[in-house]
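Biologist: Before we discuss this chain, I would like to hear how each term is earned. Please set each value against its definition as we go.

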Amino acid sequence: MTNQATNKLSPKKQLTENQQNLLNKIINFCNDNLNKESPSVFAIYGDAGTGKSVVLSALFDKIQLLSKQKDSNLYQTKNYFLVNHPELLKVYKQIAGDYQELLKKNYQRPTSFINTLDKTKQKADIVVIDEAHLLLSKPDHYNNFYYQNQLQEIINRSKIVILVFDPHQVLKMKTLWTNESLNAIIQKYNYQIVHLHEQFRMKAPLDLIDWFDSFTDKMQLKPIPADCCQDYDFQVCEDAEQMRQKIVEKNKQFGLSRILSTSGYPSTLDGGKHYICEGDFKMPWDQYNYTATPWAEISETIDEVGSIYTCQGFDLNYAGIIIGPPIFQRPNSSRIEVDLDKITDIEMFKKRQDLTDPVKTKKLKVQMVMNALNVLFKRGVHGTYLYAHDPILRKNLLNLYHRV
């Protein structure tokens, strides 16, 4: 199975020259700031697929090796790797079991880290945070988090914090972050910021990636670039069931091929499962994954529809994406719009006391819906197939595709 998560995120994976230079820069940052009185923060900004997690995995391995070397400035440091994503945490813990210098207990969810250090009255030396855009920015009793902001609380309990952040992957009100809100916290400390731009996940032409971004960021349906299928399998499908059949065939050939969908399908419980129906297409949403294996790497999930909750942070060889009912095209226009009343993900828009402007709140909600679609757009390494629920959008996507 190619692009398996444990292989892609292996701490021993060969880094590019730029990635190795970044790792060395962060190690130097740790050496220079470990003994300062106030915390220090190193932030890495990058879109989906720019290799953020790969760098962090290799970085934490290097830090843990140095923590065992007597001649190192990092000798005997107590370090942690945090990620607020249960599926991704499984992968990191699985990786840790393969290397002597890595311990599963050092990989934690942010709330567990905060609560544990509160109990032990200890302070961490270096904390690495993957997917920092998933950190809670408000109290959340469901997750046993009773402070105001997870990043602030992690910094309060650490000497050095290293994080990766992508504002395009902010998907819920309780994890609401912007570049401005992140900077407002980290700029209180000694900090450095690095931006990553090179795309590592998708083998798609840059013009096609730009087209995806224009669809979700500018909410404009533009002509599909002429080179969209150059060394990449991009297709627009008229029928969701036909798209499913294509993805099943790709999964038989290459593995790691799945159907994904946005929100917007009301709960129609049938045999205890929540189904998505589109014409002849009928498949259940992904189920909660109790296993130690990531959702996409369980063979049976070829018969489920994945969501942002199971695919965010992971690679697929081929992704068949259903653009659900909330996302539609305005008639006689290239404008893409969102009907917020059709969102069925009740976790997405939990109320925040610090948001009182209805215009700003609506704008943020629309942005989160399109962020979620962008996350789905960026999953397919070798191919992406699209199907749109909205008839106007579907027709126009097909027309644009057939003109290529």
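Modeller: Helices here are DSSP runs of H or I with at least four residues, and strands are runs of E with at least two, numbered from the N terminus. Counted in that way, the protein chain of this predicted model comes to 12 helices and 16 strands.

Biologist: What makes the radius of gyration agree with a compact globule?

Modeller: The rule is 2.2 Å times the number of residues to the power 0.38. For 404 residues this gives a value near 22 Å, and the protein chain has 21 Å, so the two agree. Along the principal axes, the C-alpha atoms fill a box of roughly 65 × 50 × 45 Å.

Biologist: How do you know that strands β13 and β16 pair, and in which sense?

Modeller: Pairing requires at least two bridges found by DSSP, and β13 (residues 316-323) and β16 (residues 380-388) have 7 bridges in the parallel sense, so they count as a pair. One of the bridges joins Ile323 to its partner Ala388 in β16.

Biologist: Why is the sheet that holds these strands called open?

Modeller: Its 5 strands follow the order β7-β16-β13-β8-β12, with parallel pairing. β7 (233-236) and β12 (305-306) stand at the edges with a single partner strand each, so one side of each has no neighbour in the sheet.

Biologist: Which helices lie on this sheet, and how are they directed?

Modeller: Helix α9 (residues 240-254) lies across β7, β8 (257-261), β13 and β16, and runs at about 170° to β13. Helix α11 (residues 358-377) packs on the sheet as well, where it touches β8, β13 and β16, and its direction makes about 145° with that of β13.

Biologist: What makes one space a cavity and another a pocket?

Modeller: In a cavity a 1.4 Å probe fits but cannot get out, whereas a pocket is an open set of points. There is 1 cavity of 30 Å³ or more, and the largest cavity has a volume of about 30 Å³. Its lining has 5 nonpolar, 3 polar and no charged residues, and includes Trp177, Met368 and Asn371. The largest pocket holds about 1,300 Å³ of space, and of its 41 lining residues, Lys172, Ser307, Tyr309, Asp345 and Glu347 lie nearest its centre.

Biologist: Which element gives the most to the lining of the largest pocket?

Modeller: Helix α11 gives the most, with 4 residues. By class, the lining of the largest pocket has 18 nonpolar, 15 polar and 8 charged residues.

Note on methods. Residues numbered from 1 in each chain as written. Predicted model: local features only at pLDDT ≥ 70, side-chain atom pairs only at ≥ 80, totals over all residues. Heavy atoms only, no water. 1 Å grid on protein atoms, 1.4 Å probe; cavity = no way out; pocket = protein on both sides within 12 Å on 5 of 7 lines; lining within 4 Å. Points joined across faces, edges and corners; volume = space filled by probe spheres on them. Nonpolar A, V, L, I, M, F, W, Y, C, P; charged D, E, K, R; others polar. Contact = heavy atoms within 4.5 Å. Axes fitted to C-alpha atoms, helices over the stretch in contact; angles between N-to-C directions.
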